[in-house]
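User: I'm fine at the bench but rusty at reading models. Could you walk me through this one, feature by feature?

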Amino acid sequence: MSTQRKTAAWPLTWIYGVLIVYASLYPFDNWRVQGIAPWAFLTAPLPRYWTGFDVLSNVLGYAPFGFLLALAVHRTQRRSSAIALATLAAAVLSLLMESLQMFLPVRVPSNVDAALNIAGAWGGAVLARSLEWVGLIDRWSRFRDRWFVPDASDALVLLAVWPLALLFPAPVSFGLGQVLERLEAALAHGLEGSLWIEWLPLREVELQPLLPVSEMLCAAIGLLLPCLLAFGVVRQWRQRLIAALWVLVSGFGFSALSAALTYGPAHAWGWVGQEVLVGLGVAAVGMLLLSFCAARVCWVLALAALVWQLALLNNASADAYFSLTLQTWEQGQFIRFHGLIQWLGWLWPYALLVYLVRHLSASGQSQNV
């Protein structure tokens with residue numbers, strides 16, 4: 001009989017699988033049929049030209065998928081062959097993606113890419129199994145039991161994804177989820193020339209950039225949100241302080257990495273202006289005071305702060321300088337990478353919103369029973 005255990009590895013595996021699909025089929029347009037079998041790439045001659053980056057990206061791109069899937073299988077089905085299942089699943093996914101690339105004019109399917117993807121997934125699965133053999137997985141389980149409440153898997157997934165979401169440049173530091181302006185533009189472009197364009201509501205007043213005080217509030221709230229989320233699943237007060245420190249370090253570290261990738265290493269800290277520093281101070285004081293609050297109080301405050309931040313961000317426009325930044329990512333060397341991180345930055349606040357509403361509703365119903 002298999003040992004069932006809820007683990008954050010399963011949702012992380014699904015999330016990473018979706019990201020692989022996005023990266024493999026981007027930009028999702030100009031699909032066509034060439035009259036060639038989708039699996040013809042398997043017997044095609046080996047490509048003449050390849051770079052070390054191509055090899056590394058194909059191997060490392062699938063390694064986390066194999067690692068997470070093997071870890072998930074091991075923690076929920078201990079008698080299953082985690083390495084074989086993870087490698088087989090990665091092989092099916094990779095072959096499917098390469099086959100679909102036959103219908104995309106800007107993508108070139110390759111048997112070498114598929115082999116490297118499978119090798120990367122196998123290496124990731126072997127690494128996960130090796131960590132289990134040396135006892136590190138069991139140590140993590142004991143660490144998690146000491147630090148977090150039993151039903152913390154979904155929150156841990158959100159906390160793990162948050163630093164990655166910061167890698168894509170945002171108009172406001174730590175201000176994730178500002179999507180309304182680009183959504184309206186995309187909708188207008190999609191409906192252009194159709195009868196439905198007349199039904200699209202028009203704004204009476206153009207969106208304006210945020211005022212400095214609003215930028216400060218958004219930065220402070222952006223740092224507080226993952227902290228309050230962690231406060232709801234961390235057991236002890238001292239552990240809450242360490243979690244708050246992790247939020248600050250990872251938030252500033254990944255934001256600096258984003259700036260370094262966008263503008264160059266010399267400008268890694270150029271985004272830290274007066275508004276960000278004041279927001280940091282407000283967030284630090286809030287973290288200290290709220291560390292004494294009950295978990296439900298922290299989540300209620302997180303829900304209110306999240307709605308406030310989203311309202312501020314989506315009723316403001318990005319400035320022209322930020323638009324130039326987007327062109328650096330969308331037309332330059334980050335063209336495939338930017339989409340993955342951009343979607344994380346867009347969707348993370350709304351995933352947090354769903355999580356908070358669902359858990360607060362569930363806890364409220366349990367208290368009424």
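Analyst: We'll go from the overall fold to the core, then to the cavity and a few single residues. Keep in mind that this is a predicted model.

User: Let's start with the fold. How many helices and strands does the chain have?

Analyst: Counting elements is a good way in. Here you get 13 helices and zero strands, and reading along the sequence simply gives α thirteen times over, α-α-α-α-α-α-α-α-α-α-α-α-α.

User: What share of the residues is buried, and what does the outside look like?

Analyst: Of the 369 residues, 44% count as buried. The chain exposes about 20,000 Å², and carbon and sulfur atoms supply 69% of that area.

User: How do I read contacts along the sequence?

Analyst: Set the sequence neighbours aside and ask how far apart the partners are. Among contacts between residues at least 6 apart in this chain, 84% join residues at least 24 apart.

User: Now the inside. What's the general idea of a core?

Analyst: In soluble globular proteins, nonpolar side chains tend to be buried together. In this model the largest nonpolar core has 56 residues, and Phe174 and Met287 touch the most other members. Helices H6, H8, H9, H10, H11 and H13 each give two or more residues to this core. H8 gives the most, with 11 residues.

User: Which residues does Met287 touch?

Analyst: Leaving out residues up to four places away in sequence, Met287 touches Leu223, Leu224, Cys227, Phe231, Ala244, Val247 and Leu248. There's also a second, separate core of 17 residues, with Leu25, Ala90, Leu104 and Ala125 among them.

User: Where is Phe174, the other one you named?

Analyst: Phe174 sits in the loop between H6 and H7 (180-191). At 4% relative accessibility, Phe174 is buried, because the cut-off for that is under 20%.

User: What about backbone angles? What should I look for there?

Analyst: Most residues other than glycine have a negative phi. Phe174 has a positive phi, near 65°.

User: Next, cavities. How many are there of 30 Å³ or more, and what lines the largest one?

Analyst: With a cavity, look at its volume, then at the residues around it. The count here is one cavity of 30 Å³ or more, and the largest cavity holds about 40 Å³ of space. The lining is made up of Trp162, Phe174, Leu176, Gly222, Leu225, Gln309, Trp348 and Pro349. H8 and H13 each supply at least two lining residues. By type, the lining splits into six nonpolar, two polar and no charged residues. Notice that Phe174 appears both here and among the residues that touch the most other members of the largest core.

User: Can we do another loop residue? Is Trp271 buried or exposed?

Analyst: Trp271, in the loop between H9 and H10, has a relative accessible area of 18%, so it counts as buried under the 20% cut-off. Beyond its neighbours up to four places away, Trp271 touches Ser173, Phe174, Phe252, Ser255, Ala256, Ala259 and Val276. The C-alpha atoms of Trp271 and Val172 are 9.3 Å apart, although 99 residues separate the two along the chain.

User: Ala259 is on that list. What does the picture look like from its side?

Analyst: Ala259 is in helix H9 and is buried at 6% relative accessibility. Apart from neighbours within four places, Ala259 is in contact with Gly264, His267, Ala268 and Trp271. Its C-alpha atom lies 8.9 Å from that of Phe168, 91 residues away along the chain.

User: How do I read residues that aren't buried?

Analyst: Try two leucines. Leu164, in H6, has a relative accessible area of 37%, so it is partly exposed, between the 20% and 50% cut-offs. Leaving aside neighbours within four places, Leu164 is in contact with Phe254, Ile341 and Leu344. The C-alpha atoms of Leu164 and Ser258, 94 residues apart along the chain, are separated by 9.6 Å.

User: And the second leucine?

Analyst: That's Leu88 in helix H3 (residues 82-100). At 53% relative accessibility, Leu88 counts as exposed, because that value is over 50%. The C-alpha atoms of Leu88 and Ile118 are separated by 8.2 Å, with their positions 30 residues apart along the chain.

Definitions and conventions
Residues numbered from 1 in each chain as written. Predicted model: local features only at pLDDT ≥ 70, side-chain atom pairs only at ≥ 80, totals over all residues. Heavy atoms only, no water. Core = buried A, V, L, I, M, F, W, Y, C linked by side-chain atoms within 4.5 Å. Buried < 20%, exposed > 50% of the residue type's maximum accessible area, 1.4 Å probe, protein only. Helix = DSSP H or I, 4+ residues; strand = E, 2+ residues; numbered from the N terminus. Contact = heavy atoms within 4.5 Å. 1 Å grid on protein atoms, 1.4 Å probe; cavity = no way out; pocket = protein on both sides within 12 Å on 5 of 7 lines; lining within 4 Å. Points joined across faces, edges and corners; volume = space filled by probe spheres on them. Nonpolar A, V, L, I, M, F, W, Y, C, P; charged D, E, K, R; others polar. Areas by Shrake-Rupley, 256 points an atom, 1.4 Å probe, with all protein chains shown as cover.
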